[in-house]
Amino acid sequence: QVQLVESGGGFVQAGGSLRLSCAASGSFFRIHVMGWYRQGPGKQRELVASITGGGGTDYADSVKGRFTISRDNAKNTVYLQMNSLKPEDTAVYYCHAGVQRIGVGYSMDYWGKGTLVTVSS
């Protein structure tokens, strides 16, 4: 089994910063892409940022210039540094990883349980 455990959510005022972390554990061969999605009140889940094993990144337009995704492959951990937070960033943030298990020739999607980020105006 593969588990993703997020941490770092919380309450912050507009303009503030938070850093999310997500650590993967379990038995697997390789983690390919890792990323963060979010689901705000009454909204669909959307991609916030993703990062490949080689360090290539992708961001939603709404967070470009404010959020930075990074990963530590040795620790199987992905981070999301969120600066200049806005009330519209309020959402449950979910960690995602594409994980290739041992003996399997393709990656499977795994999700964390989510961490709530609340930004007050």
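Start by selecting Arg 71, which is buried yet has no salt bridge. The nearest side chain of opposite charge belongs to Asp 72, and it lies 8.2 Å away. Keep in mind as you look around that this is a predicted model.

So what does the side chain of Arg 71 reach? Show the backbone oxygen of Ile 51, at 3.2 Å from that side chain. Then add Asn 73, whose side chain makes a polar contact of 2.6 Å with that of Arg 71.

Now zoom out a little. Arg 71 sits in strand E7 (residues 67-72). Leaving aside neighbours within four places in sequence, the residues in contact with Arg 71 include Ile 31, His 32, Val 33 and Met 34, along with Thr 77, Val 78 and Tyr 79.

Met 34 is a handy stepping stone to the next stop: its bridge partner in E9 is Ala 97. Colour strand E4 (residues 30-39) and E9 together, and you will see an antiparallel pair joined by 8 bridges.

Stay with E9 (residues 91-100) for a moment. Is this strand enclosed or open? Because 9 of its 10 residues are buried, E9 is largely enclosed by the rest of the structure.

Two further partners are worth selecting. Strand E10 (residues 107-111) pairs with E9 in the antiparallel sense over 5 bridges, and here Gly 98 stands opposite Asp 109. Follow the chain through the hairpin that links E9 and E10: 6 residues lie between the strands, and Gly 103 in the turn has a positive phi of about 80°.

Finish at strand E11 (residues 115-120), which runs antiparallel to E9 and is joined to it by 3 bridges. Select Val 92 to find Leu 116 of E11 standing opposite.

Notes. Residues are numbered from 1 along each chain as its sequence is written. This is a predicted model: local features need pLDDT of at least 70, side-chain atom pairs count only at pLDDT 80 or more; totals for chains, interfaces and linings use all residues. Side-chain values use heavy atoms; hydrogens and water are left out. Buried means under 20% relative accessible area, exposed over 50%, partly exposed in between (1.4 Å probe, protein chains only). Helices (H or I, at least four residues) and strands (E, at least two) are DSSP runs, numbered from the N terminus. Two strands pair if DSSP finds at least two bridges between them. Lys and Arg count as positive and Asp and Glu as negative; His and the chain ends are not counted. A salt bridge is a side-chain nitrogen of Lys or Arg within 4 Å of a carboxyl oxygen of Asp or Glu. A polar contact is a pair of N or O atoms within 3.5 Å; within protein, one must be able to donate a hydrogen and the other to accept it, and residues adjacent in sequence count only if both atoms are side-chain atoms. Contact means heavy atoms within 4.5 Å.
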